[in-house]
Amino acid sequence: MFVFGPIRSRRLGRSLGVNNVPYKTCSYSCVYCQLGRTTTYTVERRCFYDWREVVGEVIGFLRRFGSEVDYVTLVPDGEPTLDACIGKIIEGIKKEASVRVAVLTNASLLWLDDVKSGIMEADYISVKVDAVSEDVWKAVNRPHPVLKLGDVLSGVIEFSRGFRGVLVSETMLVHGVNTGAVRYEEVARYLKNLNLYKAFIAIPVRPPAEPYVEPPQEREVVEAYEVISHVLGSNRVELLNTPEPPPDRAYGDPEAWLLSTASVHPLRYEHAVKALEKVSSNPEEVIESLVKKNLVVKIHYAGTTYLLRNFRKAL
Ligand code: SF4
């Protein structure tokens, strides 16, 4: 199953997710990654699945529930641009449906021409810019060893010059790793080179890959906002410091919905219950049965219980 959701996204409204890359296949292993450490650490691009099947599933969903989708978003369990068929998927979806397509990328491969041209036709692209100096980039994103920061940064600038859709950036703040006025200033000066609609400042709100990861303190978030706004203008900077809104509802088979959604986004227990009420008379039973089968695990983080797909079992 390639599609999940739709989930409500702070930036994209009702977003139908597309999981076009196998679990934790990524060119980064960010310390804050909500999916845990990267297991398939690679920069090698290939078509992981038959792109026609991916497009077919998206179109099938849109035919039934299209009025409830604002964006189709390529936001897999890893880095979407590692998929060498991403261009065909975007083209196929746009050919068959009048829907906007978004890609949330770590931007590490945008220096490659094929990647640039593959995602050029998307309507909305979010690029990750957590750090622009070598030591901090390595500490926060833990990039694949063949990647060079200079290539990554210039690739994003070059892409931004040709891209006609909405380009935004996302900077995740990790306390003590990429926080501090000097760091914010250097990120802001770099972002100024991009043709950005908005620069988002995010904080880790879900269980991170590494236990030492701490969200920034309030003072650090305000400082980041002030410093970056000073360089870019306050109308171009926004905080993403609250959890995503809960999903409106589940769709189709309750267990399949929960498995596919919890494989990409750790779900708050109470939000899962509410969404499942639309398709099941006993949502708790659906959840507990998957927990019992060890397909879903409960994670307690910052006073909240989350549900996450148990990938050890799924693999
Ligand atoms: S946060 Fe994104 S880019 Fe970073 S390791 Fe996780 S999937 Fe990869």
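Me: How do you know where domain 1 and domain 2 of the protein chain begin and end?
Reply: Their bounds come from an automatic or database domain assignment, which gives 3-240 for domain 1 and 254-314 for domain 2. The C-alpha centres of domain 1 and domain 2 lie 25 Å apart. Bear in mind that this is a predicted model, where local features need pLDDT of at least 70, side-chain atom pairs count only at pLDDT 80 or more, and totals for chains, interfaces and linings use all residues. Residues are numbered from 1 along each chain as its sequence is written, and side-chain values use heavy atoms, with hydrogens and water left out.

Me: What makes E6 and E7 a pair?
Reply: Two strands (DSSP runs of E, at least two residues, numbered from the N terminus) pair if DSSP finds at least two bridges between them. Strand E6 (residues 100-105) and strand E7 (residues 124-128) have four bridges, in the parallel sense, so they pair. At one bridge, Ala102 is partnered by Tyr124 in E7.

Me: Why are E1 and E10 called edge strands?
Reply: The open sheet has eight strands, ordered E1-E2-E5-E6-E7-E8-E9-E10, with mixed pairing. Strand E1 (3-9) and strand E10 (237-240) each pair on one side only.

Me: What makes Lys24 and Cys26 part of the ligand's surroundings?
Reply: A residue counts as near if one of its heavy atoms lies within 4 Å of the molecule. Lys24 and Cys26 are among the residues surrounding the ligand, as are Tyr28, Asn106 and Lys128.
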